[in-house]
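Subject: The structure I mentioned, plus notes

Hi,

Here is the model I promised you. Have a look at it first, and then read on for what turned up.

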Amino acid sequence: ETTTMQEPPRHFLDLSLIETPVLRRILDSAVRFKRAGRSAARPLAGRALALIFEKPSTRTRVSFEMAMRGLGGDVVMLSSREMQIGRGETVADTARVLSRYVDAIMLRTDRESKLRELATYATVPVINGLTERSHPCQVMADVMTFEERHGPIAEQKIAWVGDGNNMAKSWIEASARFGFSLRLACPAELPPDAAALAWARAQGADIVLTGDPAAAVAGARCVVTDTWVSMSDDDTESRHNLLAPYQVNERLMTRAAPDAIFMHCLPAHRDEEVSAGVIDGPQSVVFDEAENRLFAQQGILAWCLGG
Ligand code: CP
Ligand code: NVA
C-alpha cells in the first residue's frame with residue numbers, strides 16, 4: 001500500500017509531548033487494569049518490550065516487566081554495559097536493530113539526548129524510563145495515586161520541596177497537563193528546569209516557585225520530595241548543605257492541609273530529604289506510588305502499542 005502513510009510510533013518521552021486527553025485516557029486505563037488485577041485480558045499477547053538500563057533501577061525494572069507480562073507480552077531486559085552500545089555502537093543503529101526484534105523500547109539513561117536519538121531512529125515506540133531531566137512514568141503513577149486518595153487532581157494544590165530535579169520537571173509538566181496548582185520550594189542554586197516552567201506557564205499552569213518550604217506547603221493536599229543526590233549528580237557536601245533546610249518533616253507537614261498525603265518516588269534516605277516519621281507515618285503513600293507504577297505503565301504500554 002503505497003498510498004497510506006505510516007503512522008509515526010507513539011513515543012512516551014515527556015508529558016509536554018503528549019496531549020492531555022491522551023494522558024487522561026492512559027490514566028483511565030491504568031485504573032481499569034488495577035481493578036481487573038490478574039484477571040485482566042491479554043491485549044499485548046505476542047508483543048515484546050526491550051528494557052535498556054544505563055543506570056540502576058528497582059521499581060522501574062520490575063514494574064515494567066510485570067506490567068508487560070501481565071498484559072500477555074514478553075520482555076527483554078538489557079543492561080547497556082552488556083550491549084554493543086557500551087562499546088561504541090551508535091544509538092541510531094541500536095534503535096534500528098532493536099526495532100526489527102521488539103515492539104517497543106524503554107530506556108533509562110542519564111543523557112536525554114540518547115533518548116531523543118533512540119526515538120528518532122526507532123520505528124517502534126520509545127518510552128522514557130528516566131533521564132537526568134525527567135521521569136514522566138513516575139509522575140503518571142503519582143497522579144493516579146493522588147486521585148485514588150483525593151479525587152480529581154485538577155484545581156488541587158501540590159507542593160514540591162527540595163531539589164529542582166528530573167522529578168520536579170515532570171511535575172511541572174503534569175501541572176499544565178492535569179490542571180493542578182504547583183508550589184515549588186527549591187534552593188536558588190538548584191532551580192527547576194526553566195524551559196519547562198516557561199512552557200507550563202504558557203499553557204496557563206498555576207505554578208509558583210519560592211525558596212520557602214513553609215510557603216510552598218501551606219494548604220497543600222500533597223507534599224512531594226525526592227533524594228538530595230540524583231543518579232546524575234555528584235554527591236557533594238554543598239548539595240547536602242543547600243538542601244538540609246528543605247527536609248520534609250512533621251513540623252513542615254503541619255503547614256499542609258490536614259488530610260495532606262506525602263509522596264516520594266523512592267529510593268528514599270530517611271532523615272535526609274524526609275524524616276523517618278513522615279515517610280513511615282500515616283500520611284505517606286510511597287508504597288502505593290510504587291505499586292501504581294505497574295498499572296500506570298500498563299496504561300502507557302497499551303497506548304504505545306495500541307491500534
Ligand atoms: N522511582 C523509581 O524510578 O525507582 P527505581 O530507580 O528503583 O526504578
Ligand atoms: N531524582 C532521582 C529519581 C530516582 C527514581 C534520580 O534521578 O536519581
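Starting at the C-terminal part: residues 155-304 are 41% helix and 15% strand, with the end C-alpha atoms 28 Å apart. Helices (H or I, at least four residues) and strands (E, at least two) are DSSP runs, numbered from the N terminus. The UniProt record, an unreviewed entry, labels residues 155-304 "domain: Aspartate/ornithine carbamoyltransferase Asp/Orn-binding". The same sort of label, again from an unreviewed UniProt entry, puts "domain: Aspartate/ornithine carbamoyltransferase carbamoyl-P binding" at residues 10-148. That span is 45% helix and 14% strand, and its end C-alpha atoms lie 27 Å apart. UniProt positions are in the numbering used here, feature names are shortened, and annotations may be inferred rather than shown by experiment.

Some housekeeping. This is a predicted model, in which local features need pLDDT of at least 70 and side-chain atom pairs count only at pLDDT 80 or more, while totals for chains, interfaces and linings use all residues. Residues are numbered from 1 along each chain as its sequence is written, and chains are lettered from A and ligands numbered from 1 in the order in which they are written.

**Domains**

The domain assignment gives domain 1 (15-134 + 291-304) and domain 2 (138-289); such bounds come from an automatic or database assignment. Their C-alpha centres are 25 Å apart. Domain 1 puts 22 residues into the contact and domain 2 puts in 20, where contact means C-beta atoms, placed from the backbone, within 7 Å. On the domain 1 side, α1 (20-36) and α12 (286-304) are the elements that give two or more residues. That side divides into 10 nonpolar, five polar and seven charged residues. For the classes, Ala, Val, Leu, Ile, Met, Phe, Trp, Tyr, Cys and Pro count as nonpolar, Asp, Glu, Lys and Arg as charged, and the others, Gly among them, as polar.

**The two ligands**

Around ligand 1 you'll find Ser-57, Thr-58, Arg-59, Thr-60, Leu-130, Gln-138, Cys-265 and Leu-266. A residue is listed if its C-beta atom, placed from the backbone, lies within 6 Å of the ligand. This shell has three nonpolar, four polar and one charged residues, and each of the two domains supplies at least three residues to the shell.

Ligand 2 is surrounded by Leu-130, Asn-165, Asn-166, Met-167, Asp-226, Thr-227, Ser-230, Met-231 and Cys-265. Here the split is four nonpolar, four polar and one charged.

UniProt (unreviewed entry) also marks "binding site" at Asn-166, Asp-226, Ser-230 and Met-231. These positions span 66 residues in sequence, yet no two of their C-alpha atoms are more than 11.7 Å apart, so they gather at one spot.

Asn-166 is in helix α6 (residues 166-178), and it counts as buried because it has 27 C-beta neighbours inside 10 Å. The cut-offs, with C-beta atoms placed from the backbone: buried is 20 or more other C-beta atoms within 10 Å of a residue's own, exposed is 12 or fewer, and partly exposed is in between. Leaving aside neighbours within four places in sequence, the contacts of Asn-166 include Thr-131, His-135 and Ser-230.

Met-231 lies in the loop between β8 (222-225) and α9 (237-243). With 16 C-beta neighbours inside 10 Å, Met-231 is partly exposed. Thr-131, in the loop between β4 (126-128) and α5 (136-150), is 100 residues away from Met-231 along the chain, but their C-alpha atoms are separated by 9.4 Å. Thr-131 has 25 C-beta neighbours inside 10 Å and so counts as buried.

**Helix α5**

α5 has 15 residues and reaches 21 Å from first C-alpha to last, close to the 21 Å expected at 1.5 Å a residue (1.5 Å times one less than the number of residues). Of its 15 residues, 11 are buried, including Pro-136, Gln-138 and Phe-146. Gly-151 follows α5 with a positive phi, near 80°.

**Backbone oddities**

Most residues other than glycine have a negative phi, and most peptide bonds are trans. Against that, Leu-266 and Pro-267 are joined by a cis peptide bond, with omega about 5°. Leu-266 also has a positive phi, near 70°, and sits in the loop between β9 and α11. Asp-271 lies in the loop between β9 and α11 too, with phi near 70°. Asp-271 counts as exposed, because it has 12 C-beta neighbours inside 10 Å.

Cheers

Notes
Contact = placed C-beta atoms within 7 Å.
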